[in-house]
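Me: I would like to learn how to read a few features of a protein model. Could we go through them in turn?

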Amino acid sequence: MARPAPDAPRPTAAAVLDDAVRSLAPDTDANRLVARIEAGAAPRSVFATLALEQHHVISSDRLSFQHLARRADGDPPVADFFDLLAQGEALAMKQLAGLADACELSEREIAEYRPRPGCQAYPSYAARLALGGEPADVAIALTANFAAWGGYCAIVEAAMRDHYAFPEEACGFFGFFAGPAPDVDERARAAVQHGLDTGQAEPALAHRYGRLLQAYELMFWNSVAD
């Protein structure tokens, strides 16, 4: 009589996150604006637009992360991840002020700016996920997106110095996201592992979220370029 096949090993959070980052990575030539900035070919004015649009993105994403943390109140590892992201958005807003100052944006210009729909699709979808997405799955999708976003920020930060002669304080916003974030990585793994252990995480669904986040990420940059 044949022996039953052993159960397949359960995936670990690290493996699930690595797979999401790899599978959902955008095409290298899909981001038109970052390529132009890297070559020094984009007009300096795009940085003012980036600052203005990011002011709205950060404000929205912070609320989304706070809501996800509240929804995951009964799952501390997941709530901790989103609490940390919300705190990071508050720090990013402070860093953004340096870029706004370097672009000579007044408080009135920031307050009266009319954001571009293509730039705000990303935070709008993040808000939708905050309302109805399983938080552990959203953590997987966001981790994949953060890998792409961080890579873009690293390129922009370097180009701001090499091609556009921005002062150090103006580069801080992109530098904030470009560097390693071990605390975020650690909490992401803990959140996803909790989701896997409790049966709340569905990586296939998380990939669906992640593909849309990556598409809206590219839409953000390319809408600034247009």
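Reply: We begin with how helices are named. Helices are DSSP runs of at least four residues, numbered from the N terminus. Keep in mind that this is a predicted model.

Me: What follows H4, and what is the sign of its phi?

Reply: Glutamate 104 follows H4, and its phi is positive, near 55°. H4 itself covers residues 76-102, which makes 27 residues. From its first C-alpha to its last, H4 reaches 40 Å, close to the 39 Å expected at 1.5 Å a residue.

Me: How many salt bridges does the structure hold?

Reply: There are 6 salt bridges. A general idea helps in reading them. An α-helix has 3.6 residues a turn, so residues three or four places apart point the same way.

Now a case: the side chains of arginine 22 and aspartate 19 form a salt bridge, 3.2 Å from N to O. Both residues lie in helix H1 (residues 13-23), 3 residues apart, so about one helical turn separates them.

Me: Is arginine 22 buried or exposed?

Reply: Arginine 22 counts as exposed because its relative accessibility is 57%, and the cut-off for exposed is over 50%. Its partner, aspartate 19, is partly exposed at 29%.

Me: Which residue forms a salt bridge with arginine 161?

Reply: Glutamate 157 does, with 3.2 Å from N to O. The two are 4 residues apart in helix H7 (residues 135-162), about one helical turn. Arginine 161 is partly exposed, with a relative accessible area of 34%. Glutamate 157 has 17% relative accessibility and so counts as buried. Salt bridges with shared partners join Glu157, Arg161 and Glu168 into one network.

Me: What about arginine 108 and glutamate 112: in which helix do they lie?

Reply: They lie in helix H5 (residues 107-112), 4 residues apart. Their salt bridge has its closest N and O atoms 3.0 Å apart. Both arginine 108 and glutamate 112 are exposed.

Me: Where is empty space left, and how much lies in the largest pocket?

Reply: Rolling a probe the size of a water molecule over the atoms shows where empty space is left. Here the largest pocket holds about 890 Å³ of space. Its lining has 36 residues, and Leu85, Phe146, Phe177, Ala181 and Val184 lie nearest its centre. By class, that lining has 22 nonpolar, 7 polar and 7 charged residues.

Me: What is the volume of the second largest pocket?

Reply: The second largest pocket has a volume of about 180 Å³. Helix H2 (32-39) and H7 each give two or more residues to its lining.

Key
Residues are numbered from 1 along each chain as its sequence is written. This is a predicted model: local features need pLDDT of at least 70, side-chain atom pairs count only at pLDDT 80 or more; totals for chains, interfaces and linings use all residues. Side-chain values use heavy atoms; hydrogens and water are left out. The expected span of a helix is 1.5 Å times one less than its number of residues. A salt bridge is a side-chain nitrogen of Lys or Arg within 4 Å of a carboxyl oxygen of Asp or Glu. Buried means under 20% relative accessible area, exposed over 50%, partly exposed in between (1.4 Å probe, protein chains only). On a 1 Å grid over the protein atoms alone, a cavity is a set of points where a 1.4 Å probe fits but cannot get out, and a pocket is an open set with protein on both sides within 12 Å along at least five of seven lines; lining residues have an atom within 4 Å of a point. Grid points are joined across faces, edges and corners, and a volume is the space filled by probe spheres set on the points. Ala, Val, Leu, Ile, Met, Phe, Trp, Tyr, Cys and Pro count as nonpolar, Asp, Glu, Lys and Arg as charged, and the others, Gly among them, as polar.
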